[in-house]
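Subject: Structure for you to look at

Hello,

Here is the structure I said I would pass on, with the sequence. Please open it first and then read my notes beside it.

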Amino acid sequence: MNRIKHLFAALALALPVSALAADLAATLYKSPTCGCCTAYVDYLREQGFEVEVVDRNNMTPIKLEHGLTREQASCHTTLIDGYVVEGHVPVESIHKLLAERPPVIGITVPGMPIGSPGMGPSRGEPLHVYYISDSAEPRLQATH
């Protein structure tokens, strides 16, 4: 029995990240003319997410409906498994959020930092991901 557990553990570690995301559905709200949002959709799909895209000319109501402040906002808003994923968040942070399931609204990469997924090559600067919560103070989720 112990061998079987070890075999399953080894297989789970051998699976690519995209296989882990295969069952995850995402709904991404974006402006119909935003190229970096489209690049982020492509990024999520390459990582195995099933993405439904909803084009909106006015993103403000979506952000307000999901509890985002101006400081937390980016160009697109994604809903994944009960959480808000705002902006160009690396998939590793999404998986961490879904594995840990903290009592937060979601996670964000505020603004549109160069080097984040969908925003071109990295300049070697750290990318910070923050929790979205009711707290006034931003709380760091991860640095990539």
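**A turn after a helix**

Helix H5 is followed by arginine 101, which has a positive phi near 50 degrees. Please keep in mind that this is a predicted model. Arginine 101 is not a glycine, and still its phi is positive. The residue belongs to the loop that runs between H5 and E5. Is arginine 101 buried or exposed? Neither fully: its relative accessibility is 41%, so it counts as partly exposed.

H5 itself covers residues 91-100. Its buried residues are Val91, Ser93, Ile94, His95, Leu97 and Leu98. When you look at that list, recall that an α-helix has 3.6 residues a turn, so residues three or four places apart point the same way.

**The chain as a whole**

The chain has 144 residues, and 41% of them count as buried. Its secondary structure comes to 5 helices and 7 strands. From start to end along the sequence, the pattern reads α-α-β-α-β-α-β-β-α-β-β-β. Take the contacts between residues at least 6 apart in sequence: 54% of these join residues at least 24 apart. The chain exposes about 8300 Å², and 56% of that comes from carbon and sulfur atoms.

**The sheet**

In what order do the 7 strands lie in the sheet? The order is E2-E1-E3-E4-E5-E6-E7, in an open sheet with mixed pairing. Strands E2 (50-55) and E7 (139-143) stand at the edges; each has a single partner strand, so one side of each has no neighbour in the sheet. From one strand to the next, the twist averages 25 degrees.

Three of the pairings are worth tracing on screen.

- E3 and E4 are antiparallel and share 4 bridges. Here isoleucine 80 has tyrosine 83 of E4 as its bridge partner.
- E4 and E5 run parallel, joined by 4 bridges. Glutamate 86 stands opposite threonine 108 in E5.
- E6 (residues 128-132) and E7 pair in the antiparallel sense, with 4 bridges. Tyrosine 130 has leucine 140 in E7 as its bridge partner.

E3 and E4 also form a hairpin, with 2 residues between the strands. Aspartate 81 sits in that turn with a positive phi of about 50 degrees, a sign that belongs here to a residue other than glycine. At 45% relative accessibility, aspartate 81 counts as partly exposed.

**Glutamate 86 and threonine 108**

Strand E4 is mostly covered, with 5 of its 5 residues buried. Glutamate 86 is in this strand, which spans residues 83-87. Why does glutamate 86 count as buried? Because its relative accessibility is 0%, and buried means under 20%.

What does the side chain of glutamate 86 meet there? One polar contact, at 2.6 Å, is with the side chain of threonine 77. A polar atom of the glutamate 86 side chain also lies 2.7 Å from the backbone nitrogen of serine 74. Leaving aside neighbours within four places in sequence, the residues in contact with glutamate 86 include Lys63, Leu68, His76, Ile107, Val109 and Ile132.

Threonine 108 is in strand E5 (residues 106-109). With a relative accessible area of 1%, threonine 108 is buried as well. A polar atom of its side chain lies 2.6 Å from the backbone oxygen of glutamine 72. The backbone oxygen of glutamate 86 lies 3.5 Å from a polar atom of the threonine 108 side chain. Not counting residues up to four places away in sequence, threonine 108 touches Gln72, Glu86, Val89, His128, Val129, Tyr130 and Ile132.

**Cysteines**

How many disulfides are there? The count comes to 0. Cysteine 34 counts as buried, at 15% relative accessibility. Cysteine 37 is buried too, with a relative accessible area of 0%.

That is what I have so far.

Regards

Note on methods
Residues are numbered from 1 along each chain as its sequence is written. This is a predicted model: local features need pLDDT of at least 70, side-chain atom pairs count only at pLDDT 80 or more; totals for chains, interfaces and linings use all residues. Side-chain values use heavy atoms; hydrogens and water are left out. Buried means under 20% relative accessible area, exposed over 50%, partly exposed in between (1.4 Å probe, protein chains only). A polar contact is a pair of N or O atoms within 3.5 Å; within protein, one must be able to donate a hydrogen and the other to accept it, and residues adjacent in sequence count only if both atoms are side-chain atoms. Contact means heavy atoms within 4.5 Å. A disulfide is a pair of cysteine sulfur atoms within 2.5 Å. Two strands pair if DSSP finds at least two bridges between them. Axes are lines fitted to C-alpha atoms, for helices over the stretch in contact, and angles run from 0 to 180 degrees between N-to-C directions. Accessible areas come from the Shrake-Rupley method with a 1.4 Å probe; for residues, only the protein chains shown count as cover.
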